[in-house]
Amino acid sequence: MSVKIRIPTPLRKLTKEQAEVEAGGGTIREVVDDLERQFPGFKERMCDDNGELRRFVNVYVGEEDIRFLEGLDTKIPSGELVSIIPAVAGG
Amino acid sequence: MAKIEQLKCRECARTYDVGPLHVCEFCFGPLEAVYDYDAIARSISRETIAAGPHTIWRYAALLPVDESTPRVDLGAGFTPLVPAPRLGAELGIDDLWLKNDTVNPTYSFKDRVVSVALTKAREFGLEVGACASTGNLANAVAAHAAKAGMGACVFIPADLEQGKIVATAVYGSALVAVKGNYDDVNRLCAEIADNYPWAFANVNMRAFYSEGSKTLAFEIVEQLGWSYPDHVVVPIASGAQLVKVRKGLDELHRVGLMSSPSHTSVHGAQAVGCSPVAEAFVRGVEHVRPQKPNTIAKSLAIGNPADGYYALKAVRETGGLIDMVDDDEIVDAILLLARTEGIFTETAGGVTVGVLAKLAKAGTFKPGERVVALITGMGLKTVEAVAERAKPTATIRPVLDEFEHQIDIGAIPRGKS
């Protein structure tokens with residue numbers, strides 16, 4: 001299955017400045033693995049040495065943060081957009 | 001003199017040239033301003049500070065802005081630090097002080113951080129101020145942008161309190177109400193910030209903006225006659241304020257303004273309805289699990305706090321605690337503070353005072369220890385929260401008889417419970 005992924009500025013050097021890319025996979029984990037194949041170095045930016053999502057990387061399937069779903073094992077419904085967004089400070 | 005040498009990732013220590021950057025390009029970690037403390041130490045003294053303005057800018061040497069940049073300044077900071085003996089007596093705290101940040105230009109501590117952020121924006125040549133906000137930041141960005149003649153585009157959750165909406169829109173900025181919670185607004189702004197050359201206070205200005213909160217620590221220590229308090233209680237939303245209060249305490253020693261390192265325990269306060277950091281503290285873990293906020297303390301309703309991990313660390317390293325209070329306790333605390341000390345705070349201040357009461361009850365503060373609580377925002381911004389419990393005692397016709405009939409003169413409250 002092909003999934004559309006929105007890429008934030010800090011990762012666009014890897015994706016040749018593309019703001020949106022496509023990857024294959026049914027879960028976030030599979031998508032990240034495919035992004036690594038297409039854009040070597042991608043996975044290291046998303047995941048720490050233990051393969052877990054980095055602390056300040058937020059991934060959304062549609063409008064939902066995958067930390068509220070199944071984490072990296074979250075399944076991606078057909079046609080749903082995946083967004084990668086850095087955590088933001090605030091108030 | 002270029003005061004900050006570079007920006008450094010708090011996570012992976014990669015460094016970047018100073019600029020309007022959002023996060024570390026490698027690991028998305030937050031970027032921190034790196035100062036030449038030795039140079040600052042040579043130029044700063046208690047006397048140079050005392051000769052400065054009665055605003056945050058008396059500590060300009062420790063803020064990440066070049067001396068030559070025209071400041072965007074409404075007069076934020078150097079707010080009163082007042083003794084609170086009546087509240088202290090109710091809570092059993094011997095030596096309690098309140099940092100009253102309700103009297104800032106837009107009535108919250110956010111004026112401190114925005115004055116720094118928009119001054120830095122000018123330095124970068126950015127002409128539009130922006131932010132994602134739970135209200136207080138929105139007020140501050142809109143007002144400071146107006147004063148500076150900059151444009152402003154401010155994003156808030158659509159269900160915000162009326163007072164915070166009006167007190168933003170009045171300054172003439174573009175105000176975008178987003179159907180969603182703060183985390184949704186923030187996410188949208190992270191994407192918008194990628195597309196426009198704007199100074200987003202809490203996105204690409206974050207490394208500079210958050211430094212403004214250090215002035216809370218500087219002022220407290222100066223106002224206590226250059227002595228550290230034993231405890232400080234700080235509300236936690238994103239966690240940035242708490243982290244920077246701790247950083248400020250440490251810097252005073254680093255640049256030689258204080259002869260000994262800080263011994264202050266930094267405590268955190270959250271609402272039960274949005275308690276991701278408090279929950280991690282209680283569970284004894286490092287990882288902050290995001291939550292979907294549901295609390296009247298909307299100014300603290302950040303379910304995915306970007307500095308939560310570092311706030312936890314700061315609290316643990318200084319021997320502090322993090323506790324939480326529910327909505328009823330928040331309202332009780334707002335009313336308690338108002339009737340004992342004459343300060344009307346918004347819900348965030350209710351969270352702080354409520355947690356202060358809990359910490360006192362648990363025996364956190366030893367006899368004679370000095371405790372400071374941060375009252376970060378003003379009550380008129382969130383009147384909805386207390387409206388049901390703050391009503392006229394009686395409504396009468398203008399007739400003396402009716403007054404004497406309906407009001408029990410002997411029972412007129414004198415601030416006692």
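What follows is a conversation about a predicted model and the terms used to describe it.

Colleague: How are residues, chains and features counted here?

Modeller: Residues are numbered from 1 along each chain as its sequence is written, with chains lettered from A and ligands numbered from 1 in the order in which they are written. The model is predicted, so local features need pLDDT of at least 70 and side-chain atom pairs count only at pLDDT 80 or more, while totals for chains, interfaces and linings use all residues.

Colleague: What makes a residue part of the contact between chain A and chain B?

Modeller: Two residues are in contact if their C-beta atoms, placed from the backbone, lie within 7 Å. The contact takes 19 residues from chain A and 35 residues from chain B. On the chain A side, β3 (57–61) and β5 (82–86) each supply at least two residues. Strands are DSSP runs of E, at least two residues; helices are runs of H or I, at least four; both are numbered from the N terminus.

Colleague: How do the chain A residues that touch chain B divide by class?

Modeller: They divide into 10 nonpolar, 4 polar and 5 charged. Ala, Val, Leu, Ile, Met, Phe, Trp, Tyr, Cys and Pro count as nonpolar; Asp, Glu, Lys and Arg as charged; the others, Gly among them, as polar.

Colleague: Why is A:Glu52 called exposed?

Modeller: A residue is exposed if 12 or fewer other C-beta atoms lie within 10 Å of its own, buried if 20 or more do, and partly exposed in between, with C-beta atoms placed from the backbone. A:Glu52 has 12 other C-beta atoms within 10 Å, so A:Glu52 is exposed. A:Glu52 is found in the loop between α2 (42–46) and β3 of chain A.

Colleague: What makes α9(B) largely enclosed?

Modeller: Helix α9 (residues 214–223) of chain B has 9 of its 10 residues buried, so the rest of the structure largely encloses α9(B). Among the buried ones are B:Leu216, B:Phe218 and B:Ile220. Just after α9(B), B:Gly225 takes a positive phi of about 70°.

Colleague: How do you know that the span of α5(B) is close to the expected one?

Modeller: The expected span is 1.5 Å times one less than the number of residues. Helix α5 (residues 136–148) of chain B has 13 residues and reaches 18 Å from first C-alpha to last, close to the 18 Å expected. α5(B) is also mostly covered, with 11 of its 13 residues buried. The cover includes α4 (110–123), β6 (128–132), β7 (151–157) and α6 (162–169) of chain B.

Colleague: Why are α5(B) and α6(B) called roughly parallel?

Modeller: Angles under 35 degrees count as roughly parallel, over 145 as roughly antiparallel, 65 to 115 as roughly perpendicular and the rest as oblique. The axes of α5(B) and α6(B) come within 8 Å and cross at roughly 15°. α5(B) and α6(B) are therefore roughly parallel. B:Ala138, B:Asn139 and B:Ala142 meet B:Lys164, B:Ala167 and B:Thr168. By class, that contact has 3 nonpolar, 2 polar and 1 charged residues.

Colleague: What makes α11(B) oblique to α12(B)?

Modeller: The axes of α11 (residues 276–283) and α12 (residues 308–317) of chain B come within 10 Å and cross at roughly 50°. That makes α11(B) oblique to α12(B). Axes here are lines fitted to C-alpha atoms, for helices over the stretch in contact, and angles run from 0 to 180 degrees between N-to-C directions. The α11(B) side of the contact is B:Pro276, B:Val277, B:Ala280 and B:Phe281; the α12(B) side is B:Gly308, B:Ala311, B:Leu312 and B:Val315. By class, the contact has 7 nonpolar, 1 polar and no charged residues.
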